[in-house]
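The exercises below ask you to work through charged pairs and one buried position, and each is followed by a solution in steps.

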Amino acid sequence: MPNLTPQIVSEDLVKYKDKFEAVIPSYINVERMFQVVSSEVANNPLILRCSQKSILSSVLEACYHGVEPSSITGHGSLVPFQKTCKFILGYRGIVELAHRA
């Protein structure tokens, strides 16, 4: 497994942009989502120890929910568990989803 860098993660996001655009709601800009993810990866280097597949899957899950995986907004977070990255929906994300329902 190659050593991941924030640059590699960003390149992977762009590489699979069509997959993200297919599931992301129209009210979220995919470019902004990528910026938020890049910021989270840069601010939490433990995410880079996770597999590329799990990072991309976590971002895809955030897209499905229609919330940004940002620890700043509290809507959700990318959380590393050993070699696996998981998307955890935050309480603000739950509240936002309830308002949209």
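**Exercise 1.** How many salt bridges does a search of the whole structure find?

Solution. In this predicted model, the search returns three salt bridges.

**Exercise 2.** Work out which parts of the chain are tied together by the salt bridges of Lys17 and of Arg32.

Solution. Begin with Lys17, whose side chain meets that of Glu31 in a salt bridge with an N to O distance of 2.5 Å. Lys17 belongs to helix H2 (residues 17-23) and Glu31 to helix H3 (residues 30-43), so this pair ties together parts that are 14 residues apart in sequence. Next take Arg32, which forms a salt bridge with Glu68, their closest N and O atoms lying 2.8 Å apart. Arg32 is in helix H3 while Glu68 is in the loop between H4 and strand S1 (76-81), so the pair ties together parts that are 36 residues apart in sequence. Finally compare accessibility: Arg32 is partly exposed at 44%, whereas Glu68 is buried at 13%.

**Exercise 3.** Describe how Glu96 and Arg100 are placed relative to each other in helix H5.

Solution. Their side chains meet in a salt bridge at 2.1 Å, N to O. Because the two residues are four apart in helix H5 (residues 91-100), about one helical turn separates Glu96 and Arg100.

**Exercise 4.** Is Ser58 buried or exposed, and which backbone oxygen does its side chain reach?

Solution. Ser58 sits in helix H4 (residues 52-65). Its relative accessible area is 2%, and because buried means under 20%, Ser58 is buried. The side chain of Ser58 reaches the backbone oxygen of Cys85 at 2.7 Å.

Key: Residues are numbered from 1 along each chain as its sequence is written. This is a predicted model: local features need pLDDT of at least 70, side-chain atom pairs count only at pLDDT 80 or more; totals for chains, interfaces and linings use all residues. Side-chain values use heavy atoms; hydrogens and water are left out. Buried means under 20% relative accessible area, exposed over 50%, partly exposed in between (1.4 Å probe, protein chains only). A polar contact is a pair of N or O atoms within 3.5 Å; within protein, one must be able to donate a hydrogen and the other to accept it, and residues adjacent in sequence count only if both atoms are side-chain atoms. A salt bridge is a side-chain nitrogen of Lys or Arg within 4 Å of a carboxyl oxygen of Asp or Glu.
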